[in-house]
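Here are a few short exercises to work through with the model open beside you. Try each task before you read its solution.

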Amino acid sequence: MAKKSLIQREKKRKKLEQKYHLIRRSSKKEINKVQSLSDKWEIHGKLQSLPRNSAPTRLHRRCFSTGRPRANFRDFGLSGHILREMVHACLLPGATRSSW
């Protein structure tokens with residue numbers, strides 16, 4: 001189980017990213033439209049003034065049940081070992097164990 005503070009930090013980052021998503025997207029579109037370099041620097045300064053944690057690249061997927069940050073499967077939202085345990089317990093419909 002991950003520390004609760006780390007899980008809360010990720011939730012805060014996700015909320016910030018959603019809050020500033022439209023501002024960030026519109027600023028990036030403006031940079032592509034504007035021709036003069038001084039205007040581009042000005043718009044870039046606006047982007048730089050946004051909170052660092054509002055950038056989507058700072059988000060990290062975590063396991064839905066344990067909060068583990070590594071080995072996450074996007075389809076299920078679970079980490080590898082939890083996914084394996086749930087498949088063995090027949091708790092995930094459509095997932096089968098491999099055998100050969």
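**Exercise 1.** Is the crossing of α1 and α2 left-handed or right-handed? Work out also how the two helices run relative to each other in this predicted model.

*Solution.* Start with the handedness: α1 and α2 cross in a left-handed way. Next, take the geometry of the pair. Helix α1 spans residues 4-33 and helix α2 residues 37-49, and they pack at an angle of about 165 degrees with their axes 9 Å apart. Angles over 145 degrees count as roughly antiparallel, so α1 is roughly antiparallel to α2.

**Exercise 2.** Find which residues of α1 meet which residues of α2, and sort the contact by class.

*Solution.* First list the α1 side: Arg24, Ser27, Lys28, Glu30 and Ile31. Their counterparts in α2 are Lys40, Ile43, His44, Lys46 and Leu47. Then sort by class: the contact of α1 with α2 holds five charged, three nonpolar and two polar residues.

**Exercise 3.** Decide how the buried and exposed residues of α3 are arranged around the helix.

*Solution.* Begin with the buried residues of α3 (residues 80-88), which are Ile82, Leu83 and Val87. They cover an arc of only 135 degrees around the axis, so they lie on the same side of α3. Now turn to the face pointing away from that buried side, where the exposed residues Arg84 and Glu85 sit. Then look for the cover: β1 (72-73) and β2 (78-79) are among what covers the buried residues of α3. Finally, step just past the end of α3, where Cys90 adopts a positive phi of about 60 degrees.

Technical notes:
Residues numbered from 1 in each chain as written. Predicted model: local features only at pLDDT ≥ 70, side-chain atom pairs only at ≥ 80, totals over all residues. Heavy atoms only, no water. Axes fitted to C-alpha atoms, helices over the stretch in contact; angles between N-to-C directions. Helix = DSSP H or I, 4+ residues; strand = E, 2+ residues; numbered from the N terminus. Parallel < 35°, antiparallel > 145°, perpendicular 65-115°, else oblique. Left-handed = near helix turned anticlockwise from the far one by under 90°. Contact = heavy atoms within 4.5 Å. Nonpolar A, V, L, I, M, F, W, Y, C, P; charged D, E, K, R; others polar. Buried < 20%, exposed > 50% of the residue type's maximum accessible area, 1.4 Å probe, protein only. Arc of directions from axis to C-beta.
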